[in-house]
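Thanks for making the time this morning. I would like to walk through one structure with you, beginning in the interior and working outwards, so please have the sequence and the view open as I go.

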Amino acid sequence: MRNLVIALTISFLLAGCSSDKENHGSLNTLKTAPQTFSINPTERASLETEGGVKVIIPPGVFVFEDGQPALNSIQLELLDVFTKSDMILNGISTISDGRLIESFGMVFAKATSEGKNLVIREGGAIGMEFPDRLNKSDGALFYGHESDTSFNWEFVPGSIPETPAKVDEGERDVQLGDADDSVEDSRRPTGYQFLVQRLGWINCDRFVDYEEKTALEIELSNYNTPSAYLVFRNINSVMKLYVEEKGNVIVENLPKGFKVDLVVIDNINDRYYWAKEEITLGRQQKVTVKTKRWNLTSIKKALQELDK
């Protein structure tokens with residue numbers, strides 16, 4: 001049986017494989033619905049997601065893809081993702097150019113008007129503040145790039161605060177007047193502030209560094225279109241695995257000693273299947289996994305247990 005051997009850089013990029021038809025059939029009905037806000041394009045808007053991400057929208061910041069200004073009502077969809085279970089349900093992997101990252105929280109943002117997609121105008125920006133749920137001081141801004149075969153987080157240079165220590169700036173919100181106003185990214189007691197210049201997936205993360213590395217071989221004994229993940233126990237990180245047609249994958253350059261849960265969700269003959277295997281990376285070199293039939297309610301509860 002031919003195994004697919006993947007170096008970390010390649011495997012991590014493939015780890016975000018996002019084809020709904022091939023890999024997310026068993027997850028679609030569990031996805032969280034986004035919040036929708038109606039915005040007047042001529043007025044400044046201050047919003048907050050259910051997860052506590054603050055969003056400041058300056059007037060005139062959204063335009064159509066041809067550069068023409070949006071003059072009528074704008075619908076802004078915001079979906080925030082904070083937990084490992086929500087990352088899995090949305091098919092997200094916390095990988096940036098082959099490096100493992102840990103998420104403080106992420107948001108998917110989409111703006112439309114008159115039934116057409118909008119973008120942030122050239123030179124413009126919206127303000128976002130992510131709550132500091134990890135109580136760490138090295139969060140940075142990342143943009144998500146999604147294709148039919150991969151998902152990768154692009155690090156935004158200069159977005160890591162120069163002074164990691166918490167700075168007492170009172171209760172000031174993200175301040176954006178006109179779209180051209182200059183506001184520095186800053187670290188605050190309540191969270192991380194960023195100037196965001198593009199819509200789509202937006203993430204506040206930190207790089208996870210490690211020296212000792214190991215490999216893991218996984219073999220699925222029963223499968224159809226599996227979604228497989230390595231869920232890290234002690235950090236808010238999830239790695240989506242690319243499973244080859246014969247149900248095998250070997251992932252190299254993993255952090256040795258880290259504890260993870262291997263999670264597999266599948267849909268076989270319109271029935272849902274689930275498996276979870278506890279692994280200490282480096283201690284186990286190969287695991288064979290067999291999924292068992294579960295209902296969606298049980299799968300969702302099991303995923304939420306991963307967040308504890």
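Let me start with the largest nonpolar core of this predicted model, which holds 34 residues, and in which Ile-57, Phe-62 and Ile-126 touch the most other members. The element that gives the most to this core is strand 8, residues 99-113, with 4 residues. There is also a second, separate core of 26 residues, and among its members are Leu-79, Phe-142, Val-231 and Ala-302. As general background, nonpolar side chains tend to be buried together in soluble globular proteins.

For the overall picture, the protein has 308 residues, of which 54% are buried, and its secondary structure comes to 4 helices and 23 strands. If we take the contacts between residues at least 6 apart in sequence, 74% of them join residues at least 24 apart. The protein exposes about 14400 Å², and carbon and sulfur atoms supply 44% of that area.

One of the core residues I named, Ile-126, brings us to strand 10, which covers residues 126-131. Here 6 of the 6 residues are buried, so strand 10 is largely enclosed by the rest of the structure. In a regular strand the side chains alternate between the two faces of the sheet, and in strand 10 both faces are covered, with Ile-126, Met-128 and Phe-130 buried on one side and Gly-127, Glu-129 and Pro-131 buried on the other. As for its partners, strand 10 pairs in the antiparallel sense with strand 4, residues 54-57, over 3 bridges, and also in the antiparallel sense with strand 14, residues 191-196, over 6 bridges. Met-128 is a useful landmark, since Val-55 stands opposite Met-128 in the first of these pairings, while Phe-194 in strand 14 stands opposite Met-128 in the other.

Strand 15, residues 200-207, can be read in a similar way: 8 of the 8 residues are buried, so this strand, too, is largely enclosed by the rest of the structure. Strand 8, which we met in the core, runs antiparallel to strand 15 and is joined to it by 8 bridges, whereas strand 11, residues 140-146, pairs with strand 15 in the antiparallel sense over 4 bridges. The landmark here is Cys-204 in strand 15, which has Gly-105 opposite it in one pairing and Leu-141 opposite it in the other.

Now to an open sheet of 5 strands, which has the order 18-17-20-21-23 with antiparallel pairing. Which strands form its edges? They are strand 18, residues 238-241, and strand 23, residues 292-293, each of which pairs on one side only. Further in, strand 17, residues 227-232, is joined to strand 20 by 6 antiparallel bridges, and Phe-232 stands opposite Val-260 in strand 20.

Strand 20 also contains Val-263, which counts as buried because its relative accessibility is 0%. Leaving aside neighbours within four places in sequence, the contacts of Val-263 include Ala-228, Tyr-229, Val-231, Trp-274, Leu-303 and Leu-306. Val-263 and Leu-306 are 43 residues apart in sequence, and their C-alpha atoms are 9.8 Å apart in space.

Leu-303 takes us on to helix 4, residues 296-305, where Ile-299, Ala-302 and Leu-303 are buried. Seen down the helix axis, the buried residues of helix 4 fall within an arc of 100 degrees, so they line one face of the helix. What do these buried residues pack against? Their partners are helix 3 (84-89), strand 20 (259-268) and strand 21 (271-280). On the other side of helix 4, Thr-297 and Lys-301 are exposed. At the start of helix 4, a side-chain oxygen of Asn-295 comes to within 3.2 Å of the backbone nitrogen of Thr-297.

Finally, a word on backbone angles. Most residues other than glycine have a negative phi, yet Asp-97 has a positive phi near 50 degrees, and Asp-97 is placed in the loop between strand 7 (95-96) and strand 8. Asn-253 likewise has a positive phi, of about 60 degrees, although Asn-253 lies in strand 19, residues 248-255. With a relative accessible area of 30%, Asn-253 is partly exposed.

Methods:
Residues are numbered from 1 along each chain as its sequence is written. This is a predicted model: local features need pLDDT of at least 70, side-chain atom pairs count only at pLDDT 80 or more; totals for chains, interfaces and linings use all residues. Side-chain values use heavy atoms; hydrogens and water are left out. A nonpolar core is a set of buried Ala, Val, Leu, Ile, Met, Phe, Trp, Tyr and Cys residues joined through side-chain atoms within 4.5 Å. Buried means under 20% relative accessible area, exposed over 50%, partly exposed in between (1.4 Å probe, protein chains only). Helices (H or I, at least four residues) and strands (E, at least two) are DSSP runs, numbered from the N terminus. The arc is that of the directions from the helix axis to the C-beta atoms. Contact means heavy atoms within 4.5 Å. A polar contact is a pair of N or O atoms within 3.5 Å; within protein, one must be able to donate a hydrogen and the other to accept it, and residues adjacent in sequence count only if both atoms are side-chain atoms. Two strands pair if DSSP finds at least two bridges between them. Accessible areas come from the Shrake-Rupley method with a 1.4 Å probe; for residues, only the protein chains shown count as cover.
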